[in-house]
Amino acid sequence: MGGRGTFAAGNPVPYTYKKVGDVEGVKVLEGINGKHGLPESSHSSEAYIKLKPDGTFHEMRFYDKDHVLYMEIAYHPEYSLTGDRHTPVLHYHLYDSSFSKNKTGAFSRSKAARLTEEMKLKYKKYFKGVSV
C-alpha cells in the first residue's frame with residue numbers, strides 16, 4: 001500500500017504498509033521503513049487494525065465511503081482519561097472527514113473519549129488480547 005494508501009499525480013507511491021494478517025476479516029497492517037501509524041485513507045477497506053509487537057490490539061481506524069479516515073479506536077495510555085501516562089485505556093477519536101485540513105496539514109481530531117458500552121459490544125471482537 002503506497003504512501004497514505006493513494007497514488008501521487010498518477011504515479012504509484014512506494015509502499016509504506018504491508019498486510020500481516022487479519023482479525024475478524026479486517027486487514028492488520030504493519031508499517032514499513034519506520035512508519036508507525038495507520039493510513040489516513042484507504043484503497044477499498046472500511047477499516048484497518050494495528051497490533052502491538054506481542055500481538056495484542058493497539059488501534060483500529062475506520063474510513064468513510066470516500067475512503068477517508070473518520071474514527072480511530074485505540075488502546076494505549078491517554079493521560080486525559082486516566083490521569084497517568086502508564087495505564088492503557090480503550091478510547092476513540094473522531095476525525096474531520098470533510099477533506100478540509102487544518103493549518104498544519106494534518107487531519108483535525110476530537111479529544112479522546114472512552115468507548116461507550118454500545119461501542120464495546122459492537123467492536124470487542126477486534127480487541128485481541130484486551131479485556132473489555
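Here is a chat between two people looking over a predicted protein model.

Colleague: Hi! How many helices and strands does the protein have?

Modeller: Hello! This predicted model has two helices and nine strands.

Colleague: And what pattern do they follow along the sequence?

Modeller: Reading along the sequence, you get β-β-β-β-β-β-β-α-β-β-α.

Colleague: Which strands form the open sheet, and in what order?

Modeller: Seven strands form it, in the order β3-β4-β5-β6-β7-β8-β9, and the pairing is mixed. The edge strands are β3 and β9, since each of these pairs on one side only.

Colleague: Let's zoom in on β6 and β7. How many bridges join them?

Modeller: Five bridges join β6, which covers residues 57-63, to β7, and the two strands run antiparallel. Within that pairing, Arg61 has Glu72 in β7 as its bridge partner.

Colleague: New topic: how many salt bridges are there in the whole structure?

Modeller: A search of the whole structure turns up five salt bridges. One of them links Lys18 to Glu30, with the closest N and O atoms 3.6 Å apart.

Colleague: Where do Lys18 and Glu30 lie?

Modeller: Lys18 lies in strand β3 (residues 17-23) and Glu30 in strand β4 (residues 26-31), so this pair ties together parts that are twelve residues apart in sequence. Lys18 is partly exposed at a relative accessible area of 39%, and Glu30 is partly exposed at 38%.

Colleague: You mentioned Glu72 before. Which residue does the side chain of Glu72 meet in a salt bridge?

Modeller: Glu72 meets Arg109, at 3.7 Å from N to O. Glu72 sits in strand β7 (residues 69-77) and Arg109 in the loop between β8 (88-94) and β9 (113-114), so the pair ties together parts that are 37 residues apart in sequence.

Colleague: Is Glu72 buried or exposed?

Modeller: Glu72 is buried, with a relative accessible area of 3%. Its partner Arg109 is partly exposed, with 46%.

Colleague: Which residues are linked with Glu72 in a network?

Modeller: Arg61, Glu72 and Arg109 are linked in a network of salt bridges. So Arg61 and Glu72, the bridge partners across β6 and β7, turn up again here.

Colleague: What about Lys65, which residue does it form a salt bridge with?

Modeller: Lys65 pairs with Asp66, and the closest N and O atoms are 3.5 Å apart. Lys65 counts as exposed, at 72% relative accessibility, while Asp66 counts as partly exposed, at 40%.

Colleague: Okay, now the inside. Which residues of the largest nonpolar core touch the most other members?

Modeller: Out of 18 residues in that core, they are Ile49, Phe57, Met60, Ile73, Tyr123, Tyr126 and Phe127. The elements giving two or more residues to this core are β4, β5 (47-51), β6, β7, β8 and α2 (117-123). β6 gives the most, with three residues.

Colleague: Why would nonpolar side chains be together like that?

Modeller: In soluble globular proteins, nonpolar side chains tend to be buried together.

Colleague: And which residues does Phe57 touch?

Modeller: Leaving out residues up to four places away in sequence, Phe57 touches a list of residues including Ile49, Leu51, Ile73, Leu90, Tyr126, Phe127 and Val130.

Colleague: Which residues does the second core include?

Modeller: That separate core of seven residues includes Tyr17, Leu38, Tyr63 and Tyr95.

Colleague: Last one: what share of the residues is buried?

Modeller: Buried residues make up 37% of the 132 residues in the protein. As for the outside, the protein exposes about 8,000 Å², with carbon and sulfur atoms supplying 51% of it.

Technical notes. Residues numbered from 1 in each chain as written. Predicted model: local features only at pLDDT ≥ 70, side-chain atom pairs only at ≥ 80, totals over all residues. Heavy atoms only, no water. Helix = DSSP H or I, 4+ residues; strand = E, 2+ residues; numbered from the N terminus. Buried < 20%, exposed > 50% of the residue type's maximum accessible area, 1.4 Å probe, protein only. Areas by Shrake-Rupley, 256 points an atom, 1.4 Å probe, with all protein chains shown as cover. Salt bridge = Lys/Arg side-chain N within 4 Å of Asp/Glu carboxyl O. Pairing = 2+ DSSP bridges. Core = buried A, V, L, I, M, F, W, Y, C linked by side-chain atoms within 4.5 Å. Contact = heavy atoms within 4.5 Å.
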